[in-house]
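Here are some notes to read alongside the model. Please keep the sequence and the structure in view while going through the points.

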Amino acid sequence: LYLAWHRLSAPEVWASAALPGGGGRDRGRLWIVKAAYEVSRHLAGRLIWEYFRPGNFYRPGADPYHWLQFEMFFRF
């Protein structure tokens with residue numbers, strides 16, 4: 001099991017308000033949870049979930065995102 005939390009920042013503020021739209025240096029927070037499991041010598045899998053919450057670097061009201069990945073590995 002792997003857990004991570006990242007605080008993302010921007011080195012400078014964008015002069016244009018078009019994209020990404022915000023006026024701050026806080027890009028947001030990223031949480032990552034990864035679980036790996038070995039079923040047998042030949043079969044393993046993992047599940048990864050990420051959640052990103054945008055900060056003031058992006059336009060007000062920017063949507064957060066969730067990303068989920070499930071993989072199975074067969075080794076021979």
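1. How much area does the protein expose, and what share of it do carbon and sulfur atoms supply? In this predicted model, the exposed area comes to about 5,900 Å², and 60% of it is supplied by carbon and sulfur atoms. Of the 76 residues of the protein, 24% count as buried.

2. On the overall fold, the secondary structure consists of four strands and zero helices, which gives the pattern β-β-β-β when read along the sequence. If one takes the contacts between residues at least 6 apart in sequence, 51% of them join residues at least 24 apart.

3. Turning to the aromatic residues, the structure holds six aromatic pairs. In one of them, the ring centres of Phe52 and Tyr65 are 5.8 Å apart and the planes lie at 35°, so the pair is described as tilted, given that tilted pairs fall between the limits of 30 and 60 degrees. Because Phe52 belongs to strand β3 (residues 43-54) and Tyr65 to strand β4 (residues 65-74), this pair ties together parts that are 13 residues apart in sequence.

4. Is each partner of this pair buried or partly exposed? Phe52 counts as buried, because its relative accessibility is 12% and the cut-off for buried is under 20%, whereas Tyr65, with a relative accessible area of 33%, is partly exposed.

5. Phe52 and Tyr65 also belong to a cluster, in which ring pairs link them with Phe57 and Tyr58. Another ring, that of Tyr2, has the charged end of Lys34 sitting over it, 5.4 Å from the ring centre.

Technical notes: Residues are numbered from 1 along each chain as its sequence is written. This is a predicted model: local features need pLDDT of at least 70, side-chain atom pairs count only at pLDDT 80 or more; totals for chains, interfaces and linings use all residues. Side-chain values use heavy atoms; hydrogens and water are left out. Rings of Phe, Tyr and Trp (its six-membered ring) pair if their centres lie within 6.5 Å; planes under 30 degrees apart count as stacked, over 60 as edge-to-face and the rest as tilted. Helices (H or I, at least four residues) and strands (E, at least two) are DSSP runs, numbered from the N terminus. Buried means under 20% relative accessible area, exposed over 50%, partly exposed in between (1.4 Å probe, protein chains only). A charge sits over a ring if NZ of Lys or CZ of Arg is within 6 Å of the ring centre and within 35 degrees of the ring normal. Contact means heavy atoms within 4.5 Å. Accessible areas come from the Shrake-Rupley method with a 1.4 Å probe; for residues, only the protein chains shown count as cover.
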